[in-house]
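Biologist: Hello! I have a new structure to get to know, and I would love some company. Could you show it to me and then let me ask about it?

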Amino acid sequence: GLWSRLASGVMRYPVAVILPVLALLIALGLPFLNANFGTPGMDMLPKTDESRLAYDALVNDFADTPVAPINVLLTSHSGAMTDAANLTAMKTVYDRIAALPGVQSIDSIYSVAPGGTSATPQELTALLDSSDAAARQAARGYVAGSAAQLTVIGSGTADSTQAKNLVNAIRGLSTSASPLSVEVGGATAQNLDMVSGIESRIPYALGFVVVVTYLVLFLLLGSVFLPFKAIVVDGLSITASFGALVWIFQDGHLSGLLRFEPTGYIVPMVPVMMFCILFGLSMDYEVLMLTRMQEEYEKTGDNRHAVATGLERTGRVITSAALIMIVVFGTGVLDRLLILESMGVGMAIAVFIDASIVRALLVPATMRLMGGVNWWAPAPLKRLYLRLGLGEVPAAPEPVRELEHVA
């Protein structure tokens, strides 16, 4: 059959196939190194939506109206914020923030003080205790108890690199020697914290998935190499789809064909959800194919025959399933929300890569190159597999019993 002939052709020149395929998958994944993560905003909606029209009007026609300010909370380590030492420290923080690149303006108690930024701590205290109710209420909107707030207006959008650098710079102003702690909020800070939280837990999640997958595949196949190979090739196909995701949706290539407006960032939940879904789907393909190859290898002991036959026997089923999933995921291009469109297109690309390039070329080439190592395991692990294995281990032939003839 077609798949058997293809596998046999690939296995004649395994190295000549592996090198360009690996180079291609790595090249497809390289754009992911430049991924810029951001929280979904109004730019995820089509320009014709009412809420998007209102947002664009605020940004373009009302430049003085901040749509993504950076909120800074100053908290005193001791005493009330109205203490002279804390008010002096607040002015120091204010001046240092105002000197940072990208800062356009700062809304604070100095915005309502008669003397502006030149107001002394005594004048600020008098303003907070003013007999003028309106002035007192306006001042206490910025300073209350042991805290004070500053609203920083930056020149970049909430998801721009400039805004992220500004947030990190403001957070860096908080030192143990200062009488005030500096905490930063707002859309940009939320974006940074969310991405940081996801990134900090990714190694644990990946480690758990890899270890459990390896153990299950070993108990299924009785090999120490094949589980490792399955994890690596699945990871390569998923990484390639991540690179395509960045190249298409973050950088804006194919935006005209797919009819979307590039945002310049990727929502961090998209690659996380894609990995969870795609790794399971890819491993399903791998299990179906490898168990069929294992059956042939146990019958014949011929690795090349087992690979070609296993690929042929599962080829139609896997191809049909892959085509269905590509169509289902590909319908994401019809969605009006960019986050769903990017996830659908990304998963369709990953399934295509896994079911074609990886399965048809990389798998038979690597298995041919490794030969009998594919099915090898150290004696202690092999005994463990025979005892606890999840696969269909061939039973030992029963001894022939002599028939007793009764006279």
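Modeller: Gladly, and here is a definition to begin with: the expected span of a helix is 1.5 Å times one less than its number of residues. Please keep in mind that this is a predicted model.

Biologist: Thanks! How far does helix H2 reach from its first C-alpha to its last?

Modeller: Helix H2 covers residues 14-29, which makes 16 residues. At 1.5 Å a residue, the span expected is 22 Å. The reach in the model is close to that expectation, at 22 Å.

Biologist: On how wide an arc around the axis do the buried residues of H2 lie?

Modeller: Buried here stands for a relative accessible area under 20%. The buried residues of H2 are Pro-14, Val-17, Ile-18, Val-21, Leu-25 and Gly-29. They sit on the same side of H2, because the arc they cover around the axis is only 95 degrees.

Biologist: And which residues are exposed on the other side of H2?

Modeller: We have just met the buried side, with Val-17 and Leu-25 among its residues. For a residue to be exposed, its relative accessible area has to be over 50%. On the other side of H2, the exposed residues are Ala-16 and Leu-19.

Biologist: Let's follow the chain onward. Is Asp-49 buried or exposed?

Modeller: Asp-49 belongs to the loop between H2 and helix H3, which spans 50-61. Its relative accessibility is 15%, and the cut-off for buried is under 20%. Asp-49 therefore counts as buried.

Biologist: How far apart in space are Asp-49 and Ile-266?

Modeller: Along the sequence, 217 residues separate Asp-49 from Ile-266. In space, going from C-alpha to C-alpha, the distance is 21 Å.

Biologist: Now for the helix pairs. What word describes how H9 lies relative to H13?

Modeller: Helix H9 is made of residues 226-250 and helix H13 of residues 338-370, and they pack at an angle of about 140 degrees with their axes 8 Å apart. Roughly antiparallel would need an angle over 145 degrees. The angle between this pair therefore makes H9, relative to H13, oblique.

Biologist: What is the handedness of that crossing of H9 and H13, and how many nonpolar residues does the contact have?

Modeller: The crossing of H9 and H13 is right-handed. By class, their contact includes five polar and four charged residues. The nonpolar residues in this contact number 17.

Biologist: What about H9 and H11: which word fits their arrangement?

Modeller: Helix H11 runs over residues 269-300, and its axis is 9 Å from that of H9. The two pack at an angle of about 140 degrees, and their crossing is right-handed. H9 and H11 are therefore, relative to each other, oblique.

Biologist: That leaves H11 with H13. How are they oriented to each other?

Modeller: The axes of H11 and H13 come within 10 Å and cross at roughly 30 degrees. H11 passes H13 in a right-handed crossing. Angles under 35 degrees fall in one class, so H11 and H13 are roughly parallel.

Biologist: Let me look inside H9. What is the relative accessible area of Asp-234?

Modeller: Asp-234 lies in helix H9. It is buried, and its relative accessible area is 0%.

Biologist: And what separation do the C-alpha atoms of Val-233 and Glu-286 have?

Modeller: Val-233 also has its place in helix H9, and it is buried with a relative accessible area of 3%. Glu-286 is 53 residues away along the chain. The separation between the two C-alpha atoms is 9.7 Å.

Biologist: One more topic, backbone angles. What phi does Leu-254 have?

Modeller: Most residues other than glycine have a negative phi. Leu-254, in the loop between H9 and helix H10 (255-258), is partly exposed at 38% relative accessible area. Although it is not a glycine, its phi is positive, at about 70 degrees.

Biologist: Last one: is Arg-259 buried or exposed?

Modeller: Arg-259 lies in the loop between H10 and H11. This residue, not a glycine, has a positive phi of about 55 degrees. Its relative accessibility is 71% and the cut-off is over 50%, so Arg-259 counts as exposed.

Key. Residues numbered from 1 in each chain as written. Predicted model: local features only at pLDDT ≥ 70, side-chain atom pairs only at ≥ 80, totals over all residues. Heavy atoms only, no water. Axes fitted to C-alpha atoms, helices over the stretch in contact; angles between N-to-C directions. Helix = DSSP H or I, 4+ residues; strand = E, 2+ residues; numbered from the N terminus. Parallel < 35°, antiparallel > 145°, perpendicular 65-115°, else oblique. Left-handed = near helix turned anticlockwise from the far one by under 90°. Nonpolar A, V, L, I, M, F, W, Y, C, P; charged D, E, K, R; others polar. Buried < 20%, exposed > 50% of the residue type's maximum accessible area, 1.4 Å probe, protein only. Arc of directions from axis to C-beta.
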